[in-house]
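Please read the following report alongside the sequence and the coordinates. It moves from single residues to helix pairs and then to the nonpolar cores.

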Amino acid sequence: MQKDIISHKTKLSQEQIVSAIKNNNEVVLKSLYTNNYHKIEYLVLNNNGSLEQAKDIFQEAYIAVWKNIKNNSFIPKNESAISGYLYTIAKNKWMDYLRSSEYKKKVSLTTMNHIHEKEDSTIFSENSKEHDQKLSIAMKAFKNLGNPCKELLTKFYFEKKSMNIIAEELSLDAASTRNKKYRCMQKLRELALN
Amino acid sequence: MNPNPTNISQKDFELIDRYINNDLSENEKIDFENRLNSDSKFKQHFKEQLLLSQAIEEQVLTGKLNEFHKEATTKVISINNNSSFYRKLAVAASIAILIGIGGFLFLNKPTNNEKVFATYFKPDPGLATTMGTTTQFEFLDAMVDYKQGNYAKAIKKWEPILKYNPTNDSLNYFIGVAYLADENEKSAIKHLIPVTKNSNSVFVKDAYFYLGLAYLKSGNLELAKKNLIFSEENVGKQIIADLEN
């Protein structure tokens with residue numbers, strides 16, 4: 001390599017980041033993960049946690065941040081605001097775990113390093129318990145759907161591809177693609193909501 | 001919960017999808033929201049469909065987390081200043097090409113240039129898309145399109161960057177290969193030639209290889225052979241042998 005690939009632009013605008021996350025842009029989602037994971041790993045490992053726990057806590061927090069950006073309950077000013085938010089949520093989650101009875105059974109609280117943080121920052125907008133339950137049932141239902149349906153629904157709902165492009169990718173005509181999407185969602189509806 | 005959740009017409013279903021995707025015009029949107037307020041069954045359908053679409057997104061993302069995790073916990077690569085990384089990729093690219101053609105070697109001999117081209121042309125697998133910093137976003141964003149086979153889209157994103165970095169070897173190389181994959185060998189040749197002339201570039205040999213294929217596709221056998229020889233790839237020799245048979 002002779003020189004930097006990109007020299008004329010340095011940062012993504014707030015709008016670009018938010019829309020990239022809302023559209024599940026894989027580059028941005030992946031970098032959000034890889035750029036932030038290590039701070040949490042460090043925190044958890046230094047506070048009586050294991051690698052496995054660091055991973056679980058981080059992934060929970062990561063999904064929570066993604067959801068909150070999607071439903072506009074968190075509007076980041078820039079990329080570092082997202083990193084800070086992700087860190088705070090993960091940290092609070094880990095604190096909650098350390099305070100939980102499950103953990104107290106294992107170890108006396110006095111042995112913990114002191115990590116303290118405001119408690120109001122875990123935002124779970126309207127995620128009521130009931131909604132969460134329904135959502136997790138629907139997620140399982142989707143997981144158990146046949147591959148052709150999963151593929152089509154992923155392209156449309158996750159990758160946000162247009163129906164024309166999906167039709168082309170699946171070598172179907174426009175009408176059968178639409179019918180297929182309808183039928184697949186009907187199937188999912190039955191599995192998830194009955 | 002609705003006792004009969006499956007009872008929704010395709011028309012309503014598609015309308016709700018368009019609303020969720022923000023694809024409705026202002027007037028349609030107003031009609032839609034009025035209907036939500038007056039038609040409780042429709043509202044129920046809407047809520048269900050929103051939940052299902054959220055579930056799909058979250059399940060797909062959850063499925064990707066292990067891959068993200070693997071990348072986060074293996075060595076972090078930077079696209080700026082790590083030329084050994086490119087070398088590794090270049091090697092990986094050549095291996096991919098070799099594996100790709102392995103299966104074809106014992107098949108019937110192709111009868112014309114197009115056929116030989118089709119047999120041997122496989123786009124470079126591209127670069128890993130971990131972002132070191134935000135500066136590489138645009139380059140790597142296009143790389144995702146490239147990897148998904150959306151060559152025209154990738155080119156469209158890369159070309160403005162090339163304007164600011166006209167001599168950049170990796171940009172020229174990938175734009176060239178993308179053009180070739182997009183069946184525009186003329187533009188491919190234009191971008192690949194400067195890479196072959198840049199002796200510092202780790203892409204030199206691969207550029208010769210694809211340049212050879214581009215000439216093959218455009219029917220210029222002489223230049224095709226010449227560049228394939230310069231590529232020093234065994235595959236190149238194999239192609240020349242095929243052409244001579």
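## Val18 in helix H1 of chain A

Val18(A) has its place in helix H1 of chain A, which covers residues 14-22. The model is a predicted one, and the values given here should be read with that in mind. With 19 C-beta neighbours inside 10 Å, Val18(A) counts as partly exposed, because a residue is called buried if 20 or more other C-beta atoms lie within that distance.

Which residues does Val18(A) touch, not counting residues up to four places away in sequence? Val18(A) is in contact with Ile69(A) and Pro76(A). In addition, the C-alpha atom of Val18(A) is separated by 9.9 Å from that of Phe74(A), although these two residues stand 56 residues apart along the chain.

## Helices H4 and H5 of chain A

Two packed helices are described by the angle between their axes and the distance between the axes. In chain A, the axes of helix H4 (residues 51-70) and helix H5 (residues 79-99) come within 9 Å and cross at roughly 130°, which makes H4(A) oblique to H5(A). The crossing of these helices, H4(A) and H5(A), is right-handed.

On the H4(A) side the contact is made by Ile57(A), Phe58(A), Glu60(A), Ala61(A), Tyr62(A), Ala64(A) and Val65(A), while H5(A) contributes Ile82(A), Tyr85(A), Leu86(A), Ile89(A), Ala90(A), Lys93(A) and Trp94(A). Sorted by class, the contact of H4(A) with H5(A) has 12 nonpolar residues, no polar ones and 2 charged ones.

## Chain B and its helix pair H7 and H8

The secondary structure of chain B comes to 12 helices and 0 strands. Of the 245 residues in chain B, 36% count as buried, and among its contacts between residues at least 6 apart in sequence, 50% join residues at least 24 apart.

Within chain B, the axes of helix H7 (residues 151-164) and helix H8 (residues 169-181) come within 9 Å and cross at roughly 150°. Since angles over 145 degrees count as roughly antiparallel, H7(B) is roughly antiparallel to H8(B). H7(B) passes H8(B) in a left-handed crossing.

The residues of H7(B) that meet H8(B) are Tyr151(B), Ala154(B), Ile155(B), Trp158(B), Glu159(B), Ile161(B) and Leu162(B), and their counterparts in H8(B) are Leu171(B), Phe174(B), Ile175(B), Ala178(B), Tyr179(B) and Ala181(B). The residues of this contact between H7(B) and H8(B) divide into 12 nonpolar, no polar and 1 charged.

## The nonpolar cores

Which residues touch the most other members of the largest nonpolar core? In this core of 68 residues, they are Val65(A) and Ala178(B). Helix H10 of chain B (residues 204-217) gives the most to this core, with 10 residues.

Leaving aside its neighbours within four places in sequence, Val65(A) is in contact with Phe74(A), Ile82(A), Tyr85(A), Leu86(A) and Ile89(A). Apart from the largest core lies another, of 19 residues, which includes Phe142(A), Tyr157(A), Phe158(A) and Ile166(A).

## Two loop residues with positive phi

Most residues other than glycine have a negative phi. Asn48(A), however, has a positive phi, near 65°, and is found in the loop between helix H3 (37-45) and H4 of chain A. With 16 other C-beta atoms within 10 Å, Asn48(A) is partly exposed.

Lys160(A) also has a positive phi, near 60°, and lies in the loop between helix H8 (147-158) and helix H9 (163-169) of chain A. Lys160(A) counts as partly exposed, with 13 C-beta neighbours inside 10 Å.

Technical notes:
Residues are numbered from 1 along each chain as its sequence is written. Chains are lettered from A and ligands numbered from 1 in the order in which they are written. This is a predicted model: local features need pLDDT of at least 70, side-chain atom pairs count only at pLDDT 80 or more; totals for chains, interfaces and linings use all residues. Helices (H or I, at least four residues) and strands (E, at least two) are DSSP runs, numbered from the N terminus. A residue is buried if 20 or more other C-beta atoms lie within 10 Å of its own, exposed if 12 or fewer, and partly exposed in between; C-beta atoms are placed from the backbone. Two residues are in contact if their C-beta atoms, placed from the backbone, lie within 7 Å. Axes are lines fitted to C-alpha atoms, for helices over the stretch in contact, and angles run from 0 to 180 degrees between N-to-C directions. Angles under 35 degrees count as roughly parallel, over 145 as roughly antiparallel, 65 to 115 as roughly perpendicular and the rest as oblique. A crossing is left-handed if the near helix is turned anticlockwise from the far one by less than a right angle, and right-handed if clockwise. Ala, Val, Leu, Ile, Met, Phe, Trp, Tyr, Cys and Pro count as nonpolar, Asp, Glu, Lys and Arg as charged, and the others, Gly among them, as polar. A nonpolar core is a set of buried Ala, Val, Leu, Ile, Met, Phe, Trp, Tyr and Cys residues joined through C-beta atoms within 7 Å.
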